[in-house]
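Reader: Please take a close look at a single part for me, the largest cavity. Then connect it to the rest of the fold.

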Amino acid sequence: MQSAKCKMQDRRRSGRLRLSAFRFQLSFAAVWLAFCIFHSAAVAFAAEPPSFQVGAKNISVRLGTDGRIRALALGDKSLPRAISAETILGGCRREGAVVTRQLDGGGVEFQKQLIHDANKNRCLLVERFVPASQSIRWEIEVRGAGPAWSTPIETHLRWPNPAEVKYWTAWADCRPKDAKGWVDPLQPMPLADRTLYYGGRTMTDADAFGVPLVSILDAATDVGLTAALSPEDLALDLRLTVSRQGQFVFSRLNHRISAASPVRFALDLVAHPADWRAGLGWMASRYPACFDPPNPSVQQMAGCGAYSSHAEITHPERLRRMAFRVNWKASFDFPYMGMFLPPVKSDTEEWTDFKGQETSIARMRRYAQDMRRAGFYVLNYFNVTECGAHYRYPPPPRRAASDADLWKDAHDFLFYRMGDAVLRGDDGKPIGSWEGCVAMDPGEPVYQRFLLDQAQRHLEKLPETSGICIDRLDWLRRYNRQRDDQVTWFRGKPARSLTVSWHDIMGKLGPLMHQAGKVIYVNPLYGHLGLM
């Protein structure tokens, strides 16, 4: 009996021990589970990379310590967006750690040492993100080390939901180049694989864009983001590549990377409603000098125009009914391209114009006076990239006995006075153009001085005209491989970009004309805001 009782007690004791063990295991499991959850959260929190926050009105960016944008908050709703953006130098990788520095005013700076994998060239990439009144200003600086070189300097932006957004830029055609017929270029389009060229590659390039921005528009949430490059930056060759996967890349080409002259660019990230006009409006407000002419008389001249050499106004009332206001005088008054107002001894001395007729400064002035009396305006023809007529190469022997008479013969003037400015092809021969004139480099001192002297002569001899209209900027796409502008690196060598030459001469021609109350119009054929 005692034995049975003991066995019963043993079983009860064993059961209590098993229950206690089970309870302990359960408690331990709960503790372990809690620990795992806490640990996982801690690990996840620790795995979240450190970041910097830069904010402005309606937009803020979160940047990793590597200088990449990892997220943005856009608009009044502060919708978080998994948008990423970064600067990439083609073929380069980072060496060493990124140096960061907080800036006054809430900005942050990143410095990265880069090396090119193929040629082993090195540079320092400095990026600054600074809050502006309505945007985040993104400044890029590339400082070379060692020999000069070049590689694409690219801004990459990736949008997370490409199928749900459309995009817009100031394109010539919103469709790919194989599209037929006219379409409204002011409508945004779904994302598609396409490369657009700033100013276009040719006069009629459908893949051209004229304002350096791209607007990404999410109509469902009424949120838009514009990446707006500064039109004040030097643009030698700028391209915008878009992919249907949501990648947008601005590529800047042919810029020289050297220790002597750092390369600098700037862009702004702007948040706005899902309407491209808001992004373009921000650009016009931020850079008014690129949009608003400095001479207010252009408002009086606004209206329909003509490009005519016809010199008689017999029915001015009919022209007024057609809203005619200005004639860009197709002034075949010149004896040959470039010689727009010959250095004659008097205003009445005549020369043979391009059409084989006799004219003079006095006749040109009478035409401008007649037009002003009728209430119309005259722009004289001007050109800074072409000179000569019906050229032959090798050039024939010089005909003029004295330097003062070189202008009287197109070949004499072109090759024996302006030869250093002639733009030549890879074969060393002049590059021909309209009616046998040749392309010219307006950055060459001898030609630039001649053009500025002509402009001054226009002001003195033709005061009734309203200014000039400059033809054929399409040559500004070219590079003068016989010269060095200190900022261009083309086909592995120094060169002078004719865009640089344009900025050089306009820095002198612009003030000359504007201070006299005259306007400068252009027939660009290479249409982008950076040239304006």
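Author: Strands (E, at least two residues) and helices (H or I, at least four) are DSSP runs, numbered from the N terminus. A cavity is a set of points on a 1 Å grid over the protein atoms alone where a 1.4 Å probe fits but cannot get out; its lining residues have an atom within 4 Å of a point. The model is predicted, so local features need pLDDT of at least 70 and side-chain atom pairs 80 or more, while totals for chains, interfaces and linings use all residues. Residues are numbered from 1 along each chain as its sequence is written, and side-chain values use heavy atoms, without hydrogens or water.

Start with the search. The whole structure holds 2 cavities of 30 Å³ or more. The largest has a volume of about 130 Å³, taken as the space filled by probe spheres set on the points. Its lining has 16 residues. Closest to the centre of the largest cavity are L229, D233, L234, A235 and L238. Two strands each give at least two residues to this lining: β17, which spans 237-242, and β19, which spans 263-272. By class, the lining splits into 10 nonpolar, 3 polar and 3 charged residues. (Asp, Glu, Lys and Arg count as charged; Ala, Val, Leu, Ile, Met, Phe, Trp, Tyr, Cys and Pro as nonpolar; the others, Gly among them, as polar.)

Now follow β19 outward. Strand β19 belongs to an open sheet of 9 strands. The order is β6-β7-β8-β9-β19-β16-β15-β11-β12, with antiparallel pairing. (Strands pair if DSSP finds at least two bridges between them.) The edges are β6 (92-102) and β12 (189-190); each has a single partner strand, so one side of each lacks a neighbour in the sheet. In a regular strand, side chains alternate between the two faces of the sheet.

Beside β19 in that order comes β9. Strand β9 covers residues 136-145 and pairs with β19 over 7 bridges, in the antiparallel sense. I136 has L269 in β19 as its bridge partner.

Go on to β8. The antiparallel pair of β8 and β9 has 10 bridges. In that pair, E127 faces I140 in β9, standing opposite. The two strands make a hairpin, with 4 residues between them. Strand β8 covers residues 122-131, and 7 of its 10 residues are buried, so β8 is largely enclosed by the rest of the structure. (Buried means under 20% relative accessible area, with a 1.4 Å probe and protein chains only.)

Then comes β7. Strand β7 (108-116) runs antiparallel to β8, and 8 bridges connect them. The bridge partner of E109 is R128, in β8. This is again a hairpin, here with 5 residues between β7 and β8. K120 sits in its turn and has a positive phi of about 65°.

Back to the lining, and to L238. L238 is one of the residues closest to the centre of the largest cavity, and F209 is in contact with L238. (Contact means heavy atoms within 4.5 Å.) F209 lies in strand β14, residues 208-209. F209 counts as buried because its relative accessibility is 1%. Leaving aside neighbours within four places in sequence, the contacts of F209 also include W171, Y198, L240, F250 and G527. H528 is on that list as well. F209 and H528 are 319 residues apart along the chain, yet their C-alpha atoms are separated by 7.1 Å.

For reference, take the second largest cavity. Its volume is about 40 Å³. Its lining includes N380, H458, L459, M513 and K518. Helix α7 (445-461) and strand β27 (467-471) each supply at least two of the lining residues. That lining has 4 nonpolar, 4 polar and 1 charged residues.

Finally, the whole protein. There are 8 helices and 31 strands. Of the 532 residues, 49% are buried. Among contacts between residues at least 6 apart in sequence, 63% join residues at least 24 apart. The accessible surface, by the Shrake-Rupley method with a 1.4 Å probe, comes to about 25,800 Å², and 54% of that belongs to carbon and sulfur atoms.

Key
On a 1 Å grid over the protein atoms alone, a cavity is a set of points where a 1.4 Å probe fits but cannot get out, and a pocket is an open set with protein on both sides within 12 Å along at least five of seven lines; lining residues have an atom within 4 Å of a point. Buried means under 20% relative accessible area, exposed over 50%, partly exposed in between (1.4 Å probe, protein chains only).
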